[in-house]
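Subject: Handover of a structure and notes on its contents

Dear colleague,

Please find the sequence and the structure below. My notes on what was found follow directly after.

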Amino acid sequence: MESRTYKLVDLVGVSDESYSEATKNAIARASETLRGLGWFEVTELRGLIQNGKISEYQVTIKIGFRPEEGKDAFSDQD
């Protein structure tokens, strides 16, 4: 059986449109700097209210990625 190990990162995505867009924004940003993204889990939903209306959606997510052997997952450096 293949051995799999994941590292977790917590991120907060923000959108003025929806929780879905906030989640997509967080994942898109993570994909710019992390390699081997494998899954995500929404851990918290919240938002801002201004003048009686929702002005911002915020989503806290955990993103799991597989660290590469001998490489720093946060940069292109070995």
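A salt bridge is counted here when a side-chain nitrogen of Lys or Arg lies within 4 Å of a carboxyl oxygen of Asp or Glu. With that cut-off, Arg29 forms a salt bridge with Glu32, their closest N and O atoms being 3.2 Å apart. Please bear in mind throughout that the model is predicted.

Overall architecture

The protein is built from 1 helix and 3 strands, which follow one another along the sequence in the pattern β-α-β-β. Of its 78 residues, 22% count as buried. The protein exposes about 5700 Å², and carbon and sulfur atoms supply 47% of that area. Among the contacts between residues at least 6 apart in sequence, 63% join residues at least 24 apart.

The sheet and the helix

Strands of a sheet pair through backbone hydrogen bonds, either parallel or antiparallel. In this protein, the 3 strands make an open sheet in the order E1-E3-E2, with antiparallel pairing. Strand E1 (7-15) and strand E2 are the edge strands; each has a single partner, so one side of each is left without a neighbour in the sheet. Neighbouring strands are turned against each other by 20° on average, direction ignored.

Strand E2 (residues 37-50) is joined to strand E3 (residues 53-65) by 12 bridges, and the two run antiparallel. Within this pairing, Val42 stands opposite Ile61 in E3. Helix H1 packs on the sheet and touches E1, E2 and E3; the direction of H1 makes about 40° with that of E3.

Ala30 gives a view of this packing at the level of one residue. Ala30 lies in helix H1 and has a relative accessible area of 3%, which is why it counts as buried. Apart from its neighbours within four places in sequence, Ala30 is in contact with Leu11, Leu37 and Ile63. The C-alpha atoms of Ala30 and Leu11 are separated by 8.3 Å, although the two residues are 19 residues apart along the chain.

Glu17 offers a second example of residues brought together from separate parts of the sequence. Its place is the loop between E1 and H1, and its relative accessible area of 56% means that Glu17 is exposed. The C-alpha atoms of Glu17 and Tyr57 are 7.1 Å apart, while 40 residues separate the two along the chain.

Salt bridges

Side chains of opposite charge can pair when their charged atoms come close. The structure holds 4 salt bridges, and three of them are described here, beginning with the pair named at the start.

Arg29 and Glu32 are 3 residues apart in helix H1, so about one helical turn separates them. Arg29 is partly exposed, at 48% relative accessibility, whereas Glu32 is exposed, with a relative accessible area of 60%.

Helix H1 (residues 19-33) also holds Lys24 and Glu21, which are likewise 3 residues apart, about one turn of the helix. Lys24 forms a salt bridge with Glu21, with 3.7 Å between the closest N and O atoms. Glu21 has a relative accessible area of 26% and is therefore partly exposed.

A further salt bridge is formed by the side chains of Glu44 and Arg46, at 2.7 Å from N to O. Both partners count as partly exposed: the relative accessibility is 38% for Glu44 and 28% for Arg46.

A nonpolar patch on the surface

Which residues form a nonpolar patch on the surface? They are Tyr19, Phe40, Val42 and Leu45, and together they have about 350 Å² of accessible area. Strand E2 gives the most to this patch, with 3 residues. One of the patch residues, Leu45, has its place in strand E2 and counts as partly exposed because its relative accessibility is 48%. Val42 belongs to the patch as well, and this is the residue that stands opposite Ile61 in E3.

In summary, the predicted model shows a helix packed on an open sheet of 3 strands, with 4 salt bridges and a nonpolar patch on the surface to which strand E2 gives the most.

With kind regards

Conventions. Residues numbered from 1 in each chain as written. Predicted model: local features only at pLDDT ≥ 70, side-chain atom pairs only at ≥ 80, totals over all residues. Heavy atoms only, no water. Patch = residues over 30% accessible without salt bridge, like charges linked within 9 Å, V, L, I, M, F, W, Y side chains within 5 Å. Areas by Shrake-Rupley, 256 points an atom, 1.4 Å probe, with all protein chains shown as cover. Helix = DSSP H or I, 4+ residues; strand = E, 2+ residues; numbered from the N terminus. Buried < 20%, exposed > 50% of the residue type's maximum accessible area, 1.4 Å probe, protein only. Pairing = 2+ DSSP bridges. Axes fitted to C-alpha atoms, helices over the stretch in contact; angles between N-to-C directions. Contact = heavy atoms within 4.5 Å.
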